[in-house]
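Here are a few exercises on sheets and the helices packed on them. Have a go at each before reading the solution.

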Amino acid sequence: MPRFTLIVPCFKVQGFLRECLDSVLGQCFGDFELIAVDDRSPDGCGAILDEYAERDPRVKVLHLPENVGLGRARNAGLPHATGDYLFFLDSDDTLTPGALRAVADRLAEAGDPDVLVFDYARTYWWGGTRRNVLAPVLAEAPGVFTVSDYPRILDLLMVVWNKVYRREFVTENGFAFPPGYYEDTPWTFPVMLSAGRIAALDRICLNYRQRRQGNILSTTSRKHFDIHAQYERVFAFVAERPELARWRPYLHRKMGEHCLDILAKPDRLPPADKAEFFRRTAEMFRRHRPAGALVDGEVAVLEGSWTGYLLRRQAARAGREAARRAERVRHAAGGRARAGWAAVHARRPLDEHLVVYSASSHRGLLGDPAAVHEAAREIAPQLRGVWVVRDAETAAHLPPDVEHVVLGSRRYLEVTARAKFFVNDVNWPGSLAKRPGSVHIHTHQGTPLKYVGADLLDKPGARLGFDVPQMLRRADRWDYSLVANRYSELVWERAYPCHFTSVRSGSPRNDVLVSGGPGDFRERYGIPADHTVVLYAPTRRDYRRGGHVERIDLARFAADLGEGYTLVVRLHPSLATGPARGLGLAELARRGILVDATDEPRTADVLLAADALVTDYSSVMFDYAVLDRPIVVHADDWPAFRASRGAYLDITAEAPGHVSASYRELARLFASGSWRDAESACRRADFRARFCAWDDGRAAERVVRTLLLGEPAPGPRPVRIPGQAAAPDSLTSA
């Protein structure tokens, strides 16, 4: 008996069907059967299904004699199912890599619940991906529950395909799909209300395709009137079960909201039928209203007339337009007021002791600017440091003794108009005017491997939405560019053709790596002292919209590392809030299979805790090399990455350690122990000699004394004065 039965109805999806089937058959978890139902599709679906069935015995095909619709096509597959759990997969959607393994593991952990709800992402025809906005409902769910224990689970999209169902539970209760549109409604509500044990999985297991055309629910038709019959079935189900009577007020409101949502969408109902749809909805709403039920908010309109509904919609549109106009007026007035406020302070002399800091687009106390700020507080307490943060939420995470201003506020305008010094690792906003006498110090964000600045002009995919001329105009404000090594100096002067002075300072953020500062990362995450910590730090990809490409099965990698190892994962900051966390990382961290360090504010704490680094093309390898610990470069898509983004050196030829071109090679490196052999040490020594020679632990002090205080530079590193060198044809080592 297989663990899963996947039932896949097919009708007019020949363009998407192979991708769907491949996403299932390519799963690392293979204990399943796939029942494909050809719903008398007039295109090539039937032939495609037969082809796959001949190749893979797990695929069974049912050819229906007539078209019966999505719900009844699913029903046709049910009698043939033998798996422990049922998974209803639409034939234009796809499973994410590792999805079935994650579902199987969560089912075992939860003790085989009746229903398991998992997360999904919408994938758009134009290439975009957006995670379910209600994913926190899954992340915050208790271990095993009922809807009475955790009613928030009903806030999720009530569809059939974001869940798996214990087959015996479905059979015992006689659940089946009715004909018509919106067939998920009379299945999902009865199933969820009846389930005695529900579990949640905070992982994106399915890509829900948003088709440009062809989505049946986006077709303008009177068939959308079926929603009324489907809710009648839900109300009838509840009426037959007195123990579910408490859910009638919820379902009553849900029905009203659902029908009003259909009515409001411009592509659902023919305009001539909308009044009838409203009247039928209002009649049904009144008929099923429970005694004493509160009717307020959006659904209150159903107690009135069609004319009242139209008037309310018109009033709402007029109100929104008036609010937009008022906001534009306020914005313009606020802009004039802010400009006037800034102009007042711009007439005052510069404050010679005021230093304004920002890092990573105002995300907080981070990177090189943070290291310079810390050194300045110790060496030059007479300097007043003020941080620019993007919002109040970011400000709340700053230490209480750090002065800050919020971007765009009056205090921001005041300090930026008066400050003598500006320290940033990303360009300041274009609205910031540089006053004569002010000093802008640009720290960058580590040693560059990928193309940056003007070099992106020949990489249209990498500079999508990025205005290179505007960026260079902002870079024209730089007075000093911090240089971590000779290689970086050549890159910055080539990529930023502006008039700045390169300061051979070393990287301030790496001072703590040289000194080996204290860190409690292992203790906070409960990592045993005798474990070998392997840090995996992938970067974003420019050849994929959204930037995330899952290169490694993290659960498999953690298992292959074996006993005595802890896998720590740190995503690129640009991926931290996107779907990447939901594609397994958050769930694996919850289960203790790995540690998710993406949100750790200090990268150095994570690097200090790691015994080895596995990365692809992230600049973190240059920082980690300061520690003189083993590095493995996983370069399985190097040609695609280099073609789309561009790189200043071939990291596969000049790597700081061994290079793997496939997961099999990566696993073999760790299984054999060669990740830390003599050849790895030799490569690392060459790499460190080229890229880490100027990191002596005094970079931040050097910046403070030389650029903020005007004192002689400590240590052997000179300041290169001034003017830009001619950009060389190639980037060579010092």
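**Exercise 1: a pair of strands**

A537 sits opposite T615 of β20. Work out which strands pair here, and in what sense.

Solution. Start with the ground rules: this is a predicted model, where local features need pLDDT of at least 70, side-chain atom pairs count only at pLDDT 80 or more, and totals for chains, interfaces and linings use all residues. Residues are numbered from 1 along each chain as its sequence is written, and side-chain values use heavy atoms, with hydrogens and water left out.

Next, the pair itself: β17 (residues 532–537) and β20 (residues 612–615) run parallel, joined by 4 bridges. Strands are DSSP runs of E, at least two residues, and helices are runs of H or I, at least four, numbered from the N terminus; two strands pair if DSSP finds at least two bridges between them.

**Exercise 2: the sheet around that pair**

Find the strand order, then the edges.

Solution. The open, parallel sheet has 6 strands, ordered β19-β18-β17-β20-β21-β22. β19 (595–596) and β22 (658–660) each have a single partner strand, so one side of each lacks a neighbour in the sheet.

Now add a helix: α19 (residues 554–561) lies across β17, β18 (565–569) and β20, at about 155 degrees to β18. Contact means heavy atoms within 4.5 Å; axes are lines fitted to C-alpha atoms, for helices over the stretch in contact, with angles from 0 to 180 degrees between N-to-C directions.

**Exercise 3: another sheet**

What is the order of the open sheet with 7 strands?

Solution. Its order is β12-β11-β10-β13-β14-β15-β16, with parallel pairing. The twist averages 25 degrees from one strand to the next.
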